[in-house]
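Here is a brief report on one strand and its neighbours. Follow the pairing first, then the backbone angles.

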Amino acid sequence: MALRHIEFVVGVVLLCGAMALVYMSLRSSGVFDRASAPYRLRARFEQIGGLRPQAPVKAAGVVVGRVRGIRYDGAAGIAVVEIDMDARYRYPADTRVSIRNAGLLGEQHLALSPGSASTQLSGGDTISRTQSALVLEDLVGRLLYDKAQASSTGH
């Protein structure tokens, strides 16, 4: 009888431990932080570089949203990025969004720079002030081309 009681107590302790691990995993992933539904914004870029869906959207280094999806607008010849923003954070209508690297060759993310407008962005709005990604290959190619042009003209 005492052995069954010990087995029962050990089982309850293991079950509680497993439930605590699941809770901590969900808590650290931010599942419980989303009390209200995110709102969706759009941004249009001429060049997105290596930006991918699920990339973080940061303001002052803090993750405030995620890239939901990226599509190509063939008529305008640009990329349209859809962003799911955390409902706790609101930004002025003149907020600027740029594509940044998380280091020299790091993963790309969106960086928000809030403006000072009195009106706020809301779901469905498009951020008009954007800065496209800097593509390292384009910069190196431009530098080599400029050097070749300078040397051919005798400068």
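Two strands count as paired if DSSP finds at least two bridges between them. The model is predicted.

**Pairing of β2**

Strand β2 covers residues 56–59. Strand β3 covers residues 62–73. The two run antiparallel and share 4 bridges. Within this pairing, V57 sits opposite G65 of β3.

β2 also pairs with strand β6, residues 108–113. Here the sense is parallel, over 3 bridges. V57 appears again: its bridge partner in β6 is L110. V57 therefore has a partner in β3, G65, and one in β6, L110, with pairing itself defined by at least two bridges between strands.

| Partner of β2 | Sense | Bridges | Residue facing V57 |
|---|---|---|---|
| β3 (residues 62–73) | antiparallel | 4 bridges | G65 |
| β6 (residues 108–113) | parallel | 3 bridges | L110 |

**The turn and the loop before it**

How many residues lie between β2 and β3 in their hairpin? There are 2. A60 is in that turn, with a positive phi of about 55°. A60 is not a glycine. Is A60 buried or exposed? A60 counts as exposed because its relative accessibility is 85%, and the cut-off for exposed is over 50%.

Q54 lies in the loop between β1 (39–45) and β2. Its phi is also positive, near 75°, and Q54 is not a glycine. Q54 has 52% relative accessibility, so Q54 counts as exposed.

Conventions: Residues numbered from 1 in each chain as written. Predicted model: local features only at pLDDT ≥ 70, side-chain atom pairs only at ≥ 80, totals over all residues. Heavy atoms only, no water. Buried < 20%, exposed > 50% of the residue type's maximum accessible area, 1.4 Å probe, protein only.
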